[in-house]
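Keep the sequence and the model side by side. The tour below moves from one residue to the next and then to the whole.

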Amino acid sequence: MNDPKVIVPLDFSEAHEALAFASKVTPQLCRLKVGKELFTSAGPQLVEQLVSRGFDIFLDLKFHDIPNTVAQAVRAAAKLGVWMVNVHALGGRKMMVAAREALEPLTHRPLLIGVTVLTSMDGLDLAELGLAEPAIQVPLLAQLTKEAGCDGVVCSAQEASILRQLCGTDFKLVTPGIRPAGSEQGDQSRIMTPEAAVAAGSDYLVIGRPITRSADPVATLHQINQSIGYAG
Ligand SMILES: O=C(O)c1cc(=O)[nH]c(=O)n1[C@@H]1O[C@H](COP(=O)(O)O)[C@@H](O)[C@H]1O
C-alpha cells in the first residue's frame, strides 16, 4: 500500500520553487507540507494546485486564536481539499473542540492535529514561559488534544513512545525535528534520526532542509524512505 511516512515541507518563498520540487517527486514518494512562508507568498491557489496533482497536503498554519476564529479557519482549510491541518494545543480545549466541531459536518474532513511544543524548544525555553519541561508539557498537551477529539499531535520523536502508550495506536504522531545521521541540526532542539523516530512510534516524519537543501533532494528522499523500510 502506498502510505508514505515522509512529509516534505515546501519551505520556499515562491510558488515556482514549490511547484518545481513537486514536479520531481510523486504522491507515492512523499506527502507535502505548505507552511507560513509559502502560504503567505503564494496563497490558497497554490495549495489547490498541489492537491490537484494528487498530493496529500498538510496545511501547516498552526492556528492559535479564539475558538470562533480558529473554527472558521480550519473550515476554510478543509475547503481547499487538504489532508491535514493543525492548530496550537496551547489555544486550549475550547479552541480545539470548536475546530473539531467545525470540521465534523464536512464530507471531506482533513485530519486535525494539535501542535504540542515546538521541536525548536528545549526545557530552558519552556521555563522562561512558565511551562514544564518537554517530558511533562508534551504529554499534558497531547492528552488535552485527544480529549478535545483531535486526530493527533505534532511532537518531537523523543516523546513519541510515551505518547503512543498514553494516547493509543490510532492517535497520529507527526514528528518534525528529524535529522538523518550527520545532517545539520540548524534551529531544531529535540531531534532524532528517521529510523529511530519510526522505531519510537512516529506515524509521519516532517523532514525539510536535510532533503530540500541536499545536492540531490530526490535521491536523499529515496535513501530516507529506504532507511525506514518504505519502498514507495
Ligand atoms: O508543525 C510543524 O510542521 C512543525 C512543528 C514543530 O514543532 N517543529 C517544526 O519544525 N515544524 C515544521 O517542520 C519543518 C521542519 O523543517 P526542517 O527543520 O527543515 O526539517 C518546518 O517546516 C517547521 O515549520
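Valine 218 is partly exposed, because 15 other C-beta atoms lie within 10 Å, and a buried residue needs 20 or more. Valine 218 sits in helix 10, which runs over residues 217–227. Leave out the neighbours within four places in sequence, and valine 218 is in contact with Lys24 and Val25. Serine 161 makes a useful distance marker. Valine 218 and serine 161 are 57 residues apart in sequence and 29 Å apart in space, C-alpha to C-alpha. This is a predicted model, so the values here are computed from predicted coordinates.

Stay in helix 10 for leucine 221. Is leucine 221 buried or exposed? Leucine 221 counts as buried, because it has 23 C-beta neighbours inside 10 Å. Beyond four places in sequence, leucine 221 touches Val6, Val25, Leu29, Cys30 and Ile211. Val25 is thus a contact of leucine 221 and also a contact of valine 218. Take the pair with cysteine 30. Leucine 221 and cysteine 30 are 191 residues apart in sequence, yet their C-alpha atoms are 8.2 Å apart in space.

Contacts across long stretches of sequence also show up in the totals. Consider the contacts in the protein with a separation of 6 or more. Residues 24 or more positions apart account for 68% of them.

Now turn to the interior. The largest nonpolar core holds 64 residues. Which of them touch the most other members? They are Ile7, Leu32, Ile57, Val74, Ala99 and Val153. Helix 4, residues 93–103, gives this core its largest share, six residues. In soluble globular proteins, nonpolar side chains tend to be buried together.

Valine 74 shows what such a core position looks like up close. Not counting residues up to four places away in sequence, valine 74 touches Phe63, Val85, Val87, Ala99, Ala102, Leu103 and Leu112. Among these contacts, Ala99, Ala102 and Leu103 are also buried residues of helix 4.

Look along helix 4 itself. Its buried residues are Met95, Met96, Ala98, Ala99, Ala102 and Leu103. They cover an arc of only 160° around the axis, so they lie on the same side of helix 4. What do the buried residues of helix 4 pack against? Their partners are helix 3 (67–79), strand 4 (84–88), strand 5 (111–115) and helix 6.

Helix 6 spans residues 134–147, and proline 139 is found there. Proline 139 is buried, because 20 other C-beta atoms lie within 10 Å. That count meets the cut-off for a buried residue, which is 20 or more. Outside its neighbours within four places in sequence, proline 139 is in contact with Ile162, Leu163 and Leu166. Compare its position with alanine 99. Proline 139 and alanine 99 are 40 residues apart in sequence and 21 Å apart in space, C-alpha to C-alpha.

Next comes lysine 62. Lysine 62 has its place in strand 3, residues 57–63. Its phi is near 40°, a positive value in a residue other than glycine. Lysine 62 counts as partly exposed, because it has 17 C-beta neighbours inside 10 Å. Which residues is lysine 62 in contact with, leaving aside neighbours within four places in sequence? They are Asn86, Val87, His88 and Val115. Val87 is among the contacts of lysine 62 and among those of valine 74. An unreviewed UniProt entry has an "active site" annotation that covers Lys62.

Step back to the whole. The protein has ten helices and eight strands. Of its 232 residues, 41% count as buried. Its C-alpha atoms fill a box of roughly 45 × 35 × 35 Å, taken along the principal axes. A compact globule with 232 residues would have a radius of gyration near 17 Å, and the protein has 17 Å, so the two agree.

UniProt, in an unreviewed entry, lists residues 5–224 for "domain: Orotidine 5'-phosphate decarboxylase". The span of residues 5–224 is 45% helix and 16% strand, and its end C-alpha atoms lie 10 Å apart.

Last, the predictor's confidence. The mean pLDDT of the protein is 98, and 100% of its residues reach 70 or more. For the complex, the predictor gives an ipTM of 0.99 and a pTM of 0.98.

Note on methods: Residues numbered from 1 in each chain as written. Predicted model: local features only at pLDDT ≥ 70, side-chain atom pairs only at ≥ 80, totals over all residues. Core = buried A, V, L, I, M, F, W, Y, C linked by C-beta atoms within 7 Å. Buried ≥ 20, exposed ≤ 12 C-beta atoms within 10 Å, placed from the backbone. Helix = DSSP H or I, 4+ residues; strand = E, 2+ residues; numbered from the N terminus. Contact = placed C-beta atoms within 7 Å. UniProt positions renumbered as here; feature names shortened; annotations may be inferred. Arc of directions from axis to C-beta. Rg over C-alpha atoms; globule rule 2.2 N^0.38 Å. pLDDT = per-residue confidence, 0-100.
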